[in-house]
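Trainee: I keep running into labels like "buried" and "salt bridge", and I'd like to see what stands behind them. Can we go through some together?

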Amino acid sequence: MVAGSNDERDDGAGATVEGLYGSQLSPDRQRERLTDGEVPVAVYGLGKMGLPLAGVYAETTGNVTGVDVDPAVVESVVDGESHVVGEPGLDELVAEQVAAGRLAATTDGEAAAAAARIHVIIVPTLLDAENEPDLTTVESVADDIAAGLAPGDLVIAESTLPPGTCRDVLRPHLANESGLAPDEFGLAFCPERTSSGTALRDIRGQYPKVVGGVDPESTRAAAVVYDELSDNAVHPVSDATTAEAVKVFEGIYRDVNIGLANELGRLADELEISVREAIDTANDLPMCQLHDPGPGVGGHCIPYYPHFLLGRTDEPMAVTETARRVNDGMPATVVERLERELAREGTDLADASVVVLGITYRPGVEETRASPALGVIDALDEFGADVAGVDPLVDPVDYGARPVEIDELRGEGFDAAVVVTPHAAFDRIAWEALEPMVVVDGRDAVDLSGTHHREYDLAGSSDGRPPRGRHRAGDETDGCDAETTPATTDGGTDV
């Protein structure tokens, strides 16, 4: 069959449904059919980004089936409920679309594929034990799609993929498993550009939508779809591999930028300044946009995307590799700083009780994948400390820490606290009522002035105080306890 040909599919009620790829209809008629629900859509993956995407597809096209392997997730959607926490507007959107018959859900991917003409993949691409991209889940979805793939169908990958995956993996995989020629169906990479907590806003058009197909017709067909879904511009690029690179480059930029900020932030002790203040001031210039230093980089995106290229290219990527190493090492750096601050109090970390504040990787987001808090807990365990954890969204016991509720902190006597993820719920902590402790603030999130705690701000505070600039109420020193011999590194440098 020649490229651009388009078979019609029976919709189960005797009517025929033409796909967008290779359609001979006018562009206006294609858009009309898409938004009138005449082109069935299947969205594979109903997670934190998949369910919002399915909801927006439903409100735009009116004919969407969401697919997920988790029966509990599917059951909740069928009941008109969202299982995703902390996504404004999503509960209402799912309820409205299900009630209107515009959104359904199933665990049967093959059945959904057989009914659909547009197939949208939005499942995670994780890493294996050797930090190699693991395409198992994506390929499993491709198997389901291939079982129902028909000429004229359009497959859209929104999952972040190593550059070259659509061209070298998905297209031949779909062709081999479906029995179709590669030019009988469309395949485009259209990366999600969303963040937890703003997913609906982002999908509806906060940023331009990147579209790149394995052939020009795939790009054209995908652009038709996203012209309707997004209020922002659609940005077609040369091909799917370029679009895949756009998404990976965005993540690597952020990882490298944060790595630089963290490297500079670690100089705050030695320079006796607030690096945060220096960064904020440097960013007055538009050509300088340094990110914030912190205890590490977490989530299902930034820590993973550099590995989509590292070790997979002939060209060395020393900058990217170094940034990843710096960011991976930040949880250990935080614990090293804590060890030194406790030593100033005459306490050995091995004998200390430490509470970790915030287990998830971001405030208000129920996601712990690659969270810096996990590295902090592991490092504290290696030192032999007694570790407790507080988090309003997850149970710290699942991550190796004794769980403590916020309101129970007053009844505890900790030697130290580490602020990793500053959830809004932590605003109600009555620090002045807690027993004196060392507080390592990895996010410049708490103000302990006037309390009896010793505070160490990683990289200093935004208002200009160096890491040890805050001191206990009644102290007359700058918080460095001049009478105490400073802790040193093996090289003898005071840090």
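Mentor: Sure, let's take the labels one by one, keeping in mind that this is a predicted model.

Trainee: What makes arginine 468 and glutamate 341 a salt bridge?

Mentor: Their closest N and O atoms are 2.5 Å apart. The cut-off is within 4 Å, between a side-chain nitrogen of Lys or Arg and a carboxyl oxygen of Asp or Glu, so the pair qualifies.

Trainee: Where do the two residues sit in the chain?

Mentor: Glutamate 341 belongs to helix α14, while arginine 468 lies in the segment after β18. They are 127 residues apart, and the pair links distant parts of the chain. Both also belong to a network of salt bridges with Asp269, Arg337 and Arg344.

Trainee: Why is glutamate 341 called buried?

Mentor: Its relative accessible area is 1%, and buried means under 20%, so the label fits. Arginine 468 comes out at 9%, which is also under 20%, so that residue counts as buried too.

Trainee: How do you know that arginine 312 is partly exposed?

Mentor: Arginine 312 has a relative accessible area of 43%. Partly exposed is the range between buried, under 20%, and exposed, over 50%, so 43% falls inside it. Arginine 312 meets glutamate 132 in a salt bridge at 3.3 Å, N to O. Glutamate 132 has 30% relative accessibility, so it is partly exposed as well.

Trainee: How many residues separate those two?

Mentor: They are 180 residues apart. Arginine 312 is in the loop between α12 and α13, and glutamate 132 is in the loop between β7 and β8.

Trainee: On to the sheet: what makes β15 and β18 edge strands?

Mentor: The six strands run in the order β15-β14-β13-β16-β17-β18 in an open sheet. β15 and β18 each have a single partner strand, so one side of each is left without a neighbour in the sheet.

Trainee: And how do you know that β17 and β18 really pair?

Mentor: Pairing takes at least two bridges, and β17 and β18 have four, in the parallel sense, so they count as paired. As an example, valine 439 has glutamate 455 in β18 as its bridge partner.

Trainee: Which strands does helix α14 touch?

Mentor: Helix α14 packs on the sheet, touching β13, β16, β17 and β18. Its direction makes about 155° with that of β17. Helix α15 packs on the sheet too, touching β13, β14 and β16, and its direction makes about 175° with that of β13.

Notes: Residues are numbered from 1 along each chain as its sequence is written. This is a predicted model: local features need pLDDT of at least 70, side-chain atom pairs count only at pLDDT 80 or more; totals for chains, interfaces and linings use all residues. Side-chain values use heavy atoms; hydrogens and water are left out. Contact means heavy atoms within 4.5 Å. Axes are lines fitted to C-alpha atoms, for helices over the stretch in contact, and angles run from 0 to 180 degrees between N-to-C directions. Buried means under 20% relative accessible area, exposed over 50%, partly exposed in between (1.4 Å probe, protein chains only).
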